[in-house]
Amino acid sequence: MDDLLLTLKTTFGYGAFRPLQREIIETALAGRDVFALLPTGGGKSLCFQLPALHRPGLTVVVSPLIALMKDQVDQLQAAGVAATFLNSTLSTAEAKSRLRGLHRGEWRLLYVAPERLMLDEWKENLASWNVTALAIDEAHCVSEWGHDFRPEYRQLARLRALLPGVPVMALTATATERVRVDIIKHLQLREPEVFVASFNRPNLTYRVLAKDQPLKQIIDFVRKREEESGIIYCATRATTERVADALAGRGFSARAYHAGLDAEERARNQELFLRDECRIICATIAFGMGINKPNVRWVIHHDLPKNIEGYYQETGRAGRDGLPGECLLLFSGGDAAKQTHFIDEITDEQEKTIARNQLRQILHYAESAGCRRGELLGYFGESFPLDNCAACDNCLEPRETYDGTVVAQKFLSCIYRIRQTGRFGVGLNHLVEVLTGAETEKIQRWNHHQLSTYGIGKELARPAWAAVGRELMRLGYVAQAEGEFPILELTEEGMNVLRSRAKITLTKPLALPKTKRTVRREGDIECDEILFARLRELRKKLADERGVPAYIIFGDATLRQMARDYPVRVTELEGITGVGEKKRAEFGETFVHAIAAFLQDNPRVNFGA
């Protein structure tokens, strides 16, 4: 076994590298700059943690989230790695103690926030700590085109002058081609080796449901999953509070988490969630939780996310341990209208253009009848090789279609008539108002009430017409201009079908599912569920004694393997994922004794090959 694989196994408890991990680690150890794009749950952290154990000196890790720093440091220390963090949560005495340790060279990894790293007094520290590598996590924060731009990330490029010979690794889970180029440019990476893994998360199932009494829909969903941890994302603080209160009032263990809570309550709610004492967290979409909890089994979006990157990252918090995760988006046309209204109030034109593009893309995803997985991967420039992923609503229960020729002709004709009688085009909202015969000031001023198409679409509600318009855009019959005025224009193909009156098939709107096919989900580890429950109780007891989240002891995947293989001797833990040398020495006896005791009263279950 080579040195890297040996460290992977003995320290981290894994028998094999995930895709691209070894290549990234070897490139980093060769002193090259690296740009790495790995999906959430794809093992980004290991790419800088493992090299830190194979090179002298200190690896500095830039992380934007305090909670994530503590979480990763706890996990590293549990595995026997000398890692620490410095942030505002520490007392003065504790911060000074850690700084003294850094000056003495006691630590291999230091996690720190970008704004602290750029303080003037840190220049001397960085110069004296023998920094031999710099890792910038969540690197998409450097780009205005990303979903989570943070100006302080732009300043990190100054570290190149301060640490001229130190290789830099930039890592992210979500970045389009445009954002990747931006990251490399703004962080001044020098001829970096670029690694882009597949964005596919095969263990996640994606569903979009028409929003109808969302509280009831959420309660029905969680009632079937009372023992599982999940996150509900909401658009506003008020909604997070309302949903959390409604769930708690029905006996579910649920808490809210948003920027409006005081720091103490926010930290307490997060800690309860990490320790499995609170099963459900309701959080605002805008407020990043920075939670590295591997056993989140489901994620619900109560409201429409602002963009695909945010949605991908938020759903990616499910199933980080490789076991199955469910992702449910509740969608209504009203959510789209609300976001359009907020976007119209943005004063910066470039920001408004970006927001409009992002909204159009997430609407396309929500309303599409195509494979959800294919849509997500396509957004990031990756093609999904199969026609059916067998793990999304549209593949499991294809949506019904209908002959939409008449409504399509009305919509296309309305665009044509407005263009024919005026010097300018109009946006989607105005077009829908003309079709439905609205009496607005603009319609009167521009004489659009005199058009032959005025009021010809009263049979459909405005949200339904907006959905028709967006589908005609997806089909390529209508194009929407970018920039200050997102006007609709007929494409050449749209003109052709308007003239020829060719048949157009449209997809029926989202509806409540009639049936639910059960399929074996990617990542399932079949095991003795009674033993698994016992091992979870034991894990929680050990974690509570140490004051850490349960997964710091062992992840769910590790416990499920134990509950499948029934190891009754410490030597039989060899080969079980997540059991490194330190954890085997510390917890091995406890777990194998518990399994042996269980087998005295219960028969083994045979799970076959």
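This tour moves through a predicted model, stopping at a pocket, at two helix contacts and at a cavity.

**First stop: the second largest pocket**

Begin by selecting Thr 340, Asp 344, Gly 427, Leu 428 and Asn 429, which, among the 35 residues that line the second largest pocket, are the closest to its centre. The space that opens around this selection amounts to about 1,100 Å³. To see which elements form the walls, colour α15 (333–344), α16 (349–367), α20 (428–435) and α22 (462–474), since each of these gives two or more residues to the lining of this pocket. Helix α15 deserves a separate colour, for the largest share of the lining, 7 residues, comes from α15. If you then colour the lining by residue class, you should find 16 nonpolar, 9 polar and 10 charged residues.

**Second stop: where α20 meets α22**

Keep α20 and α22 on the screen and hide the rest, so that the two helices can be viewed on their own. Their axes come within 10 Å and cross at roughly 125°, and α20 and α22 are therefore oblique to each other. The crossing in which α20 passes α22 is right-handed. Now show the side chains that make this contact: on α20 select Leu 428, Val 432, Glu 433 and Leu 435, and on α22 select Arg 462, Trp 465, Ala 466, Gly 469, Arg 470 and Met 473. These residues of the contact between α20 and α22 divide into 6 nonpolar, 1 polar and 3 charged.

**Third stop: where α20 meets α19**

Leave α20 in view and add helix α19, which covers residues 405–421. At what angle do α19 and α20 pack? The angle is about 105°, with the two axes 10 Å apart, and α19 and α20 are therefore roughly perpendicular to each other. For the side chains, select Lys 410, Phe 411, Cys 414, Ile 415 and Ile 418 in α19, which meet Leu 428, Leu 431, Val 434 and Leu 435 in α20. Sorted by class, the contact of α19 with α20 has 8 nonpolar residues, no polar ones and 1 charged residue.

**Last stop: the largest cavity**

Finally, turn to the cavities, of which the structure holds 4 with a volume of 30 Å³ or more. The largest cavity has a volume of about 80 Å³, and you can find it by selecting the residues that line it, namely Ala 28, Arg 32, Phe 48, Pro 51, Arg 55, Thr 59, Ala 133, Leu 134, Ala 135, Pro 167, Val 168 and Met 169. The elements that give two or more residues to this lining are α3 (46–52), β5 (131–136) and β6 (168–172). Strand β5 provides the largest share of the lining of this cavity, with 3 residues. Coloured by class, the lining of the largest cavity shows 9 nonpolar, 1 polar and 2 charged residues.

How values were computed
Residues are numbered from 1 along each chain as its sequence is written. This is a predicted model: local features need pLDDT of at least 70, side-chain atom pairs count only at pLDDT 80 or more; totals for chains, interfaces and linings use all residues. Side-chain values use heavy atoms; hydrogens and water are left out. On a 1 Å grid over the protein atoms alone, a cavity is a set of points where a 1.4 Å probe fits but cannot get out, and a pocket is an open set with protein on both sides within 12 Å along at least five of seven lines; lining residues have an atom within 4 Å of a point. Grid points are joined across faces, edges and corners, and a volume is the space filled by probe spheres set on the points. Helices (H or I, at least four residues) and strands (E, at least two) are DSSP runs, numbered from the N terminus. Ala, Val, Leu, Ile, Met, Phe, Trp, Tyr, Cys and Pro count as nonpolar, Asp, Glu, Lys and Arg as charged, and the others, Gly among them, as polar. Axes are lines fitted to C-alpha atoms, for helices over the stretch in contact, and angles run from 0 to 180 degrees between N-to-C directions. Angles under 35 degrees count as roughly parallel, over 145 as roughly antiparallel, 65 to 115 as roughly perpendicular and the rest as oblique. A crossing is left-handed if the near helix is turned anticlockwise from the far one by less than a right angle, and right-handed if clockwise. Contact means heavy atoms within 4.5 Å.
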